Amino acid sequence: MVKAWIRGSATELDTAIAEAAKLLAASRMPVIAGLGTDVAGIRAAIALAQRIGGIIDHMHSAALLRDLDVMRESGMMVTTPNETRLRADLLLLVGSGLTEAWPELPARLFGDANRRIVWLCPGGAAAQARALQNVSIIGDDTADLPILLAALRARCAGRPVAKTPLAAKELDALAGDLAKARFGVAVWSAAEHDELTIEMLCGLVKDLNDNTRFSGLPLAPPDNAGGAQQVSGWMTGFPMRTGFARGYWEHDPWRFDATRLVESGEADCALWISAYGAHSPDWKRKLPLIALGADPDRKRSEVAIAVGLPRIDHPAVEYLTATGTLGAVEARQPTNRISVADAVTMISAALPEAPPC
Amino acid sequence: MLTRLAGGRVIDPANNRDAVGDIFIRDGRIVEAPPGDQADETHDVAGKIVMAGAIDIHSHIAGGNETLGRLLMPELRNALDVVHPGHVPQPAGAWNTFETGHLYAAMGFTTVVEPAVLPHNALQSHLELADIPIIDKAALTVLGNDDFLLNLLRGKESADAVRDYVAWTLATSRGLGIKVINAGGAAAFKDNVRSFSLDDEVPGYGVPSRAIVKALQRAVHELGLPHPLHVHCNNLGLAGNVETALATIAAAEGLPLHLAHLQFYAYGKEGPRGFSSAAARLAEAVNAAKSVTVDVGQVMFGQTVTISSDVLRQFNARKQARPKKYVIFDGDSNGGGIVPYEYRANDFYNAVQWAAGLELFLLTNDPWRVFFTTDHPNGAPFTAYPDIFALLMDRELRTQWMTTMPKEAMEVTTLASITREYTWPEIATMTRAAPAKLLGLKDRGHLGPGGVADIAVYALDRDKAKMFREAALVFKNGELVVRDGKVVRQSFGRAFDVRPQAERAIERRMRDYYDQRYGLPLDFMSVPEAAIGRPDPFERVPCNT
C-alpha cells in the first residue's frame, strides 16, 4: 500500500510522482537534500540531480566535511573497526559522543581486558568511562580538548609546553603511554569537534607513527552519511555539497549548502529525503517541497510520499559502522512500501524531456 | 541488423590478419562476410585503422581506495585537464566513474581491469564498476596479507586448503583473478616493520613473503584460473630494487606469473646519485622467462595521486607527497595508501623513471608478454595513454622529449641508444590480442567471426597521440558508442568473474572463522547481484580444465 499526499490530501502514487516531476521541471535551481537513504536511493538521487541540474547535500554534511577538510588539507591515518578490535593495545577515546555515534562500540571494542583505554574529556560519558577497567580518564569538559591535544602532541614530539589543564607530570606520563603503544587507535566522532581539534588529533597520530604504530577511527554520522559520501565520491568525484547547475559537477561546501541555498532564496524547489527517520529540513523559508520519508511532513510539503525503511522494508546497501564498509543487508520484514530509489527513478521518468546521453 | 565497416586496414594479430578489408557485425558479434547480403548500415572506414577494442589489464578505477583518492584530491580534476598541451579543457575530468568510462571509450578501450579489490570492500568496488559506463570491467581480488591465508601457511596446511580458500574468496568477491600486493608487507607493517623483502618473514606468522607468493601462484594454477597470479612485488620504488624483481621472476619457476607495473622495480644504484635505470637487465630477464608476463606502469609528467594497497610503501613515501597530504589506511587485510605526487620532467629521479618504463617497452621482445599500463593513476592518469603510444611508435618524438630532461638522468639509462619503434600490429597485440589471452576472454581482443563486436577505428594523423585520444568510431557489443572521440551513446557493460570448483566444506569453515575472529556473520562481505543495481551485471569466464 502506497501512501502519498499532495498539499496534505491523500492521493495515488502516480499522481504524486507526476506532481513532483512537474515541480522539479519548473525549478531553475532545485536542491536534493536530506539524502538519508540507502546506496540505491543516493545513486538515484545523484542521477536525478545530474538530469535536472540540481544540488546534492546530506543532512549530516557538516560533520562529514569537518573530517574531510582535515583529510584533504593535511591527510590522515585511519584503520577499520575490525583491526581496532583485533589489534589495538591502546584506545584513545576522544570526547563524549562516541557511543551515541556507534552504540555497539562498547560491545565491539571494550571486551579485551589487556586493552588499555585512555578517555580524553568523556563529558557526559564520564560515568560509562569510570565503569571500565584499565581506563585512564583525562580531562572532563570537551572545551579543554583542543589545548589538551595540542599539549599532548607537543610533548610526544619532545617540545616544551606552557601551562595546560593537566599537571606536567600527568601529561608526560600520558605522552609516554601513547608512544609505548604497539598499535594504538584514536576514536572520535566529528559531530562534536571542530576541524582544528580533529586536525590536532590526526597530527598527533601521524607524529606517533614516526616511531610506533598508531591509527585513527573516525565514526561516521548516522542516516547513511558515510554511504552518501562514498557514492557521491565515485559518481561525481566530489563529496556532498556538489552541484550540476552549470552542466558539470562542482563542489563548494558554502555555495552548495542546501540550507543556505534555501534561506538565501537561490533554491526554488527542494526534494527532501529522509527514509531512516522523521528528520525535517532545518530551513525556515517556504519553497515548493517534495518530501520522501519514513514519515514525511505532509503539512509542509507540496508532495509527500511515504517510503520504506531501508533494511526493514526492503534490502539495502549502506555504510556499516561495524566494518567501515558498504554492506548489503537483507530486509528484516519485507513489505511492498516503495523505496527511495524507486520513487526517485519514477520521478525522473516522469520528467518531460528525454534524458541526455 | 547487419553493419559493415568497409575498407579499413584491419589489424587483428590474434587471427594473423593485417590487410585492407571489411568487418561485418550482426547481433553484437562479428560475423563472416555474408554472401550476397546487403548491410543495413555501412561505415566507410577507408584509410583508417580497424582494431578490436583495447583491453587495460591494470588500472585503479574503482573501489574505496580510489574514492578516498577522489576525496583527498578534488583538485586533481583540474590537473587532469592540462595533461595534454593543446587539449581543450573539459569541464569535468577523469575523476569520477562516469568520466572514466567515457574517456576510456573515447580512446577505443572497451575492457578495463581494476586490479586491487579487497575482499571486505568488494561490494563497493563492484558498485563503482557498475557506474562506469560503456566498458566491460573485471576485478582482481587481493590476498596475501589476510590472516586466514597466513594462518593456513603457518599451520602448513595442504595446498587443497589454500586452493579452496582462494576459490571461496573469488566467488565471494566476484573476482576474475587473484592479486598479491607486497605479500605479507601490509601485515608486517601493522607490527611496525618498516622494510620488507621477498625472504622476510611476517611477524607473528613466521611465513616468508616468498612462501605466500608461491602458495597463491600454485593455487591459481591448479584452480585453472585463466589469469595467472598477479604480483605486486616487494620494495616498490626503491633504488636497487631490480634485485627483488629479478628474484621474483626467478621464483616463477616455469609456472605462469604476472608482474605488475615492472617499471617501479627497474632501479639500480649506479650513477652519481645512487639511482639508475636497470630496465635493460630486467628486460633481458623477462625475455628469458617465458612463463612470466609483465605490465610496465609507465610514468608520465604531471600531477597525479598514487593509490596503492601496498600500505608499507605508501607510508614510506608519505613525506614525498606533492602536495603535502596523504591517507594511510590499515585495512582488515591490505588497506591502502593515497599519496599525491607530481612527476616533473626536470626532476632527476622522475626522468629516470620515465626512461626506465620506455626501456622496458622497447627492450622486451614479445608484445604477447608485455602489457601497456601506467598503473593508473600511479605512474600517470590513463588519459596520458595516447602520448605513450606516440612515444613508443616514434623515436624522433622520444629524442625531443629527452632533450627537455636532465642530462645526468638520461646518462643512467639506455633509452637514447634504442631505435625500435612499435608497429601497428605490435600495438594491437599488446593492447588487444595479448590481454584477452591473459585474462581468458576468448571472444574479446580479436576481430574473427564469433568475437564480441568491440571495435575501435582510428583515423590516421601525423599527431599519433591525437589519433589515439579520439577514436574515429568505437563499437561496444556492436553498437556505435563513440564518434570522433565523443560519446554518442551511454550503454553499460558487465564485470567478468570466474567461479572455480571448491570443496563446499570451506563455507562452514569460513563462517566459523569470521564468527570467532571478527564476531561477524559472513554476509557483510557478500556481493549480491541484486545489490548492484544494473541488469545482468556479471559475465562468467570459464576456467581452464
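Student: Where does His261(B) sit in chain B?
Tutor: His261(B) lies in the loop between β13 (257–259) and β14 (267–268) of chain B. Helices (H or I, at least four residues) and strands (E, at least two) are DSSP runs numbered from the N terminus. This is a predicted model; local features need pLDDT of at least 70, side-chain atom pairs count only at pLDDT 80 or more, and totals for chains, interfaces and linings use all residues. Residues are numbered from 1 along each chain as its sequence is written, while chains are lettered from A and ligands numbered from 1 in the order in which they are written.

Student: What is the phi of His261(B)?
Tutor: Phi is near 35 degrees, a positive value in a residue other than glycine.

Student: Is His261(B) buried or exposed?
Tutor: A residue is buried if 20 or more other C-beta atoms, placed from the backbone, lie within 10 Å of its own, exposed if 12 or fewer, and partly exposed in between. His261(B) has 26 C-beta neighbours inside 10 Å, so it counts as buried.

Student: Which element pair flanks Cys121(A)?
Tutor: Cys121(A) falls in the loop between β7 (116–120) and α7 (126–130) of chain A. It is not a glycine, yet its phi is positive, about 50 degrees. Cys121(A) is buried, because 24 other C-beta atoms lie within 10 Å.

Student: Which residues take a positive phi just after a helix?
Tutor: Take three cases. Gly53(A), just after α2(A), has a phi of about 70 degrees. Gly519(B), just after α18(B), has about 65 degrees. Arg174(B) follows α6(B), with a positive phi near 60 degrees.

Student: Where are cis peptide bonds found?
Tutor: One joins Arg322(B) and Pro323(B), with omega about -10 degrees. Pro323(B) is in the loop between α11 (311–316) and β18 (327–330) of chain B. Another runs from His376(B) to Pro377(B), with omega near -5 degrees. Pro377(B) is in the loop between β20 (370–371) and α13 (385–393) of chain B.

Student: How do I read the packing of two helices?
Tutor: Two packed helices are described by the angle between their axes and the distance between the axes. Here, take α6 (residues 159–173) and α8 (residues 209–222) of chain B: their axes come within 9 Å and cross at roughly 70 degrees. That crossing makes α6(B) roughly perpendicular to α8(B). Axes are lines fitted to C-alpha atoms, over the stretch in contact for helices, and angles run from 0 to 180 degrees between N-to-C directions. Under 35 degrees is roughly parallel, over 145 roughly antiparallel, 65 to 115 roughly perpendicular, and the rest oblique.

Student: Which residues make the contact?
Tutor: α6(B) gives Ala159(B), Val162(B), Arg163(B) and Val166(B). From α8(B) come Ala215(B), Leu216(B), Arg218(B), Ala219(B), Val220(B) and Glu222(B). Contact requires C-beta atoms, placed from the backbone, within 7 Å.

Student: What span should α6(B) have?
Tutor: The expected span is 1.5 Å times one less than the number of residues. The 15 residues of α6(B) should span 21 Å, and its end C-alpha atoms are 21 Å apart, which agrees. Of those 15 residues, 11 are buried, so α6(B) is largely enclosed by the rest of the structure. Among the buried ones are Tyr165(B), Trp168(B) and Leu170(B).

Student: How does α2(A) compare with its expected span?
Tutor: Its 14 residues should span 20 Å, and the end C-alpha atoms are 20 Å apart, in agreement. 12 of the 14 are buried, so α2(A) is largely enclosed by the rest of the structure. They include Arg43(A) and Gln50(A).

Student: How many residues form the contact between the chains?
Tutor: Chain A supplies 43 residues and chain B supplies 40 residues. On the side of chain A, the elements giving two or more residues include α2 (39–52), α3 (61–74) and α11 (225–236).

Student: What does Ala138(B) touch?
Tutor: Leaving aside residues up to four places away in sequence, it touches Val113(B), Leu176(B), Leu439(B), Ala495(B) and Phe496(B). Ala138(B) belongs to strand β8 (residues 136–142) of chain B. It is buried, with 28 other C-beta atoms within 10 Å.

Student: What are the overall totals?
Tutor: Chain B has 18 helices and 26 strands; chain A has 13 helices and 17 strands. Buried residues make up 60% of the 545 in chain B and 57% of the 357 in chain A. The C-alpha trace spans about 70 × 60 × 45 Å along its principal axes in chain B, and about 70 × 40 × 35 Å in chain A.

Note on methods
Two residues are in contact if their C-beta atoms, placed from the backbone, lie within 7 Å.
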